[in-house]
Amino acid sequence: MQLETLLANITQHCNTIDAYGATHLPIYNTATFDLKRQLGCDKVYDYSRTDNPTRNALEEIFTQAENGAGCVCTNTGIAAISLLFETVLKSGDLVLVEKDCYGGTYRLLNVLFEKNNIQTFYADFTDEDEVEKILNKNSIRLVLCESPTNPGLKIIDLESIGKLVKKYNSLFAVDNSMATFASQRPLDLGADFSLFSATKFISGHGSVVAGAIVAKTPEWAEKLGYFSNAQGRAQSPFDVFLVSLGLPTLVYRMKTQEQSALRLANYLLEIPEVIDVKFPGLPSHPQYELVKKQMKIVPSVLTVQLESEELAEALIKNSKLFGEKVSFGTADSRLEIPARMSHATYSEEDLKKIGLTKATVRISVGLEDTEDLIQDLKQAIQAVALKCVN
């Protein structure tokens, strides 16, 4: 079954449905369930923190979409990452992470988990020799990366890294927030876990924060469910419903946004004030051939390096259609300076290591008319250039 078919009417493709044939997820907005009234039911519910029919339905769909064995929906994206760490790691374990990672992951590892004696190594995952050296010298428990990375937009060869990780008997997790299962399926490429923030492309409307983690094996799926219940990580039924509203249009939204992002990237390449444009859909991208092999859709995120911090600030101020907002993958276009927003917790030294400055602007391209977006960037950049001349 193609993904578009699976997502078009999710109640037809999961076991968690109601007796009345609802064509969209019914919201079981209840804390508890009456056990006496569930006699003869295939699944018995007692408390919504543990299991809820609305949440279970979305977990079934995510499991199928990722070709996994089981899923846990969490109340935020960072909660999914935290649940992964708390499920698979113990005191003294070692973790290897792509150095260009989400700021929340960096904060979690460097602030919270140092208290639990978790040591983290960072590497450039496009350099497999560097990755193998760390794996060879250390007993790494968990390897984690994003692809594309955020905000560097590097593409990691997930299949190759997966084989390398298995060689050293480590666990491999991929943060699939930016690509989503509409573009790539990490479990098919060798990962043990695929996790994502559903806040972004999957819900697509900026109306809810949400996360999920899908396991490759039933054993890990069961452990994730146990820890989620024990720690209260579960997503509320109403938030599940909000996420589900974006599923039928996910593939079509991302394809449309990809085309707009490519046009904006090509436009920005012509601007003298722009030093560099990173977008995996450009033939000039260092991993362009891998992009074509590994991904079905290129997510509509660009990282632009401007001449100065002042130019970046002025671009954001003068833009009329691009809001200054964190996150990406929504219907509205947005700009941010990662060094002071999504990656504000990075040290100055670590920002330099991943090539981030205060003149780096991340652009998330939404669903507005592409020509309107180009004209808005054009007027904003002209205002910047005029200011510099004056």
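The strands in this predicted model form an open sheet of seven, ordered E1-E7-E6-E5-E4-E2-E3, with mixed pairing; two strands count as paired if DSSP finds at least two bridges between them. Helices (H or I, at least four residues) and strands (E, at least two) are DSSP runs, numbered from the N terminus. Strand E1 (70-74) and strand E3 (119-123) sit at the edges with a single partner strand each, so one side of each has no neighbour in the sheet. From one strand to the next, the twist averages 20°. Further in, E2 and E4 run parallel to each other, joined over four bridges, and Leu96 has Val143 in E4 as its bridge partner. Helix H2 (residues 53-65) lies across E1, E6 and strand E7 (211-215), at about 125° to E1. Here contact means heavy atoms within 4.5 Å, while axes are lines fitted to C-alpha atoms (for helices, over the stretch in contact) and angles run from 0 to 180 degrees between N-to-C directions.

As for empty space, there are two cavities of 30 Å³ or more. On a 1 Å grid over the protein atoms alone, a cavity is a set of points where a 1.4 Å probe fits but cannot get out, and a pocket is an open set with protein on both sides within 12 Å along at least five of seven lines; lining residues have an atom within 4 Å of a point. Points are joined across faces, edges and corners, and volume is the space filled by probe spheres set on them.

The second largest cavity comes to about 40 Å³. E4 is its top contributor, giving three residues to the lining, and E2 (94-98) also supplies at least two. Among the lining residues are Ile81, Cys101, Glu146 and Asp175. By class, that lining splits into six nonpolar, one polar and three charged, where Ala, Val, Leu, Ile, Met, Phe, Trp, Tyr, Cys and Pro count as nonpolar, Asp, Glu, Lys and Arg as charged, and the others, Gly among them, as polar.

The largest pocket holds about 590 Å³. Its lining takes in 22 residues, with Ile17, Tyr28, Lys43, Tyr45 and Pro53 nearest the centre; 11 are nonpolar, five polar and six charged. The second largest pocket, at about 450 Å³, is lined by 29 residues, and Tyr102, Asn150, Ser197, Lys200 and Ser327 are closest to its centre. Helix H3 (77-88), helix H4 (103-112) and strand E6 (193-197) each provide at least two residues of that lining, which has 12 nonpolar, 12 polar and five charged residues.

Residues are numbered from 1 along each chain as its sequence is written, and side-chain values use heavy atoms, leaving out hydrogens and water. Local features need pLDDT of at least 70 and side-chain atom pairs count only at pLDDT 80 or more, whereas totals for chains, interfaces and linings use all residues.
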